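Hi everyone, thanks for having me. I'd like to walk you through a structure, piece by piece, so please pull it up and follow along.

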Amino acid sequence: MSAARNIELKARCADLEAARAAAERHGARFVRVERQRDTFFHARQGRLKLRERTWREGQDAEDTSDAELIPYERSDVGEARESRYHVVRVIEPQALIAALAAALGIRGVVAKRRELWMWKNVRIHLDAVEGLGSFIEFEAVMLPGETDAEAHGRVAALQAALGLADASVVPVAYADLLGL
């Protein structure tokens with residue numbers, strides 16, 4: 001199975017409320033708010049995390065949760081860049097964390113509140129990361145037949161629409177920023 005690809009950009013954001021309003025003005029659609037806990041493991045190449053997510057579909061609904069194992073590779077550059085990844089659904093996350101911790105060791109844990117929006121095929125994440133602050137992340141999921149230039153163009157359009165300066169772009173993962 002070949003890896004999925006996206007073009008992504010992450011930036012610091014001092015005002016998520018303003019970013020939310022700008023995304024909505026640009027035509028983005030709100031999806032949901034999630035609580036995420038990413039456990040990072042030592043990996044020979046790239047990064048490996050187990051993501052546990054919890055969200056609520058409606059005001060009166062029960063919480064929904066799931067977990068995914070995500071190995072990914074992405075260069076650490078301060079611009080929009082390609083990410084190659086696999087997503088594997090996990091039925092018993094705590095058991096898998098214990099097994100991977102024994103085999104590979106845990107680098108650390110990143111906890112965040114993520115507000116998910118969509119614009120075309122771009123996921124917009126408004127993130128409040130424990131110990132780091134607030135960020136915006138764009139992930140343009142590559143569609144069949146789509147060129148990298150088209151995906152880069154959509155990310156650039158969102159960067160401009162949300163007023164994110166190049167100086168605010170973050171080249172590394174949250175785990176790296178936390179020193180994990």
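Let's start with helix H2 and its outward side, where Ala102 and Ala103 are exposed. Keep in mind as we go that this is a predicted model.

Now, which residues of H2 are buried? They are Pro93, Ile97 and Leu100. Those residues cover an arc of only 75° around the axis, so they sit on the same side of H2. Ala102 and Ala103 are on the other side.

And what do the buried residues of H2 pack against? Four strands: S2 (29-41), S3 (47-56), S4 (63-74) and S7 (106-119).

We can also do a quick check on the length of the helix. H2 runs over residues 93-104, which makes 12 residues, and at 1.5 Å a residue it should span 16 Å. The C-alpha atoms at its ends are 16 Å apart, so that agrees.

Next, let's look at what flanks the helix. Right after H2 comes Gly105, with a positive phi near 90°. On the other flank, Ile91 is in the loop between strand S6 (88-89) and H2. Is Ile91 buried or exposed? Its relative accessibility is 82%, and the cut-off for exposed is over 50%, so Ile91 counts as exposed. Also, the C-alpha atoms of Ile91 and Ala67 are separated by 7.1 Å, although these two residues are 24 apart along the chain.

There's another positive phi to look at, this time in a residue other than glycine: Lys120, with phi near 55°. You'll find Lys120 in the loop between S7 and strand S8 (122-129). With 62% relative accessibility, Lys120 counts as exposed.

On to the strands. Take S1, residues 4-12, which is mostly covered, with 7 of its 9 residues buried. Which strands does S1 pair with? One of them is S5 (residues 81-85), in the antiparallel sense over 5 bridges. There, Ala4 has Tyr85 as its bridge partner. S1 also pairs with S9 (residues 133-141), again antiparallel, over 7 bridges. In that pairing, Lys10 stands opposite Glu137.

While you have Lys10 on screen, look for a ring beside it. Lys10 lies over the face of Tyr174, at 4.0 Å from the ring centre. You can find a similar arrangement with Arg32, which lies over the face of Trp55, at 4.0 Å from the ring centre.

Last topic: rings with rings. How many aromatic pairs does a search of the whole structure find? The search turns up 2. One of them is Phe30 with Trp117: their ring centres are 5.5 Å apart and their planes are at 70°, so this pair is edge-to-face. The cut-off you need for that step is an angle over 60 degrees. Phe30 lies in strand S2 and Trp117 in strand S7, so the pair ties together parts that are 87 residues apart in sequence.

How covered are these two partners? Trp117 is buried, with a relative accessible area of 5%, whereas Phe30 is partly exposed, at 41%. And if you remember the helix, S2 and S7 are among the strands that the buried residues of H2 pack against. That's where I'll stop, so over to you.

Conventions: Residues are numbered from 1 along each chain as its sequence is written. This is a predicted model: local features need pLDDT of at least 70, side-chain atom pairs count only at pLDDT 80 or more; totals for chains, interfaces and linings use all residues. Side-chain values use heavy atoms; hydrogens and water are left out. Helices (H or I, at least four residues) and strands (E, at least two) are DSSP runs, numbered from the N terminus. The expected span of a helix is 1.5 Å times one less than its number of residues. Buried means under 20% relative accessible area, exposed over 50%, partly exposed in between (1.4 Å probe, protein chains only). The arc is that of the directions from the helix axis to the C-beta atoms. Contact means heavy atoms within 4.5 Å. Two strands pair if DSSP finds at least two bridges between them. Rings of Phe, Tyr and Trp (its six-membered ring) pair if their centres lie within 6.5 Å; planes under 30 degrees apart count as stacked, over 60 as edge-to-face and the rest as tilted. A charge sits over a ring if NZ of Lys or CZ of Arg is within 6 Å of the ring centre and within 35 degrees of the ring normal.
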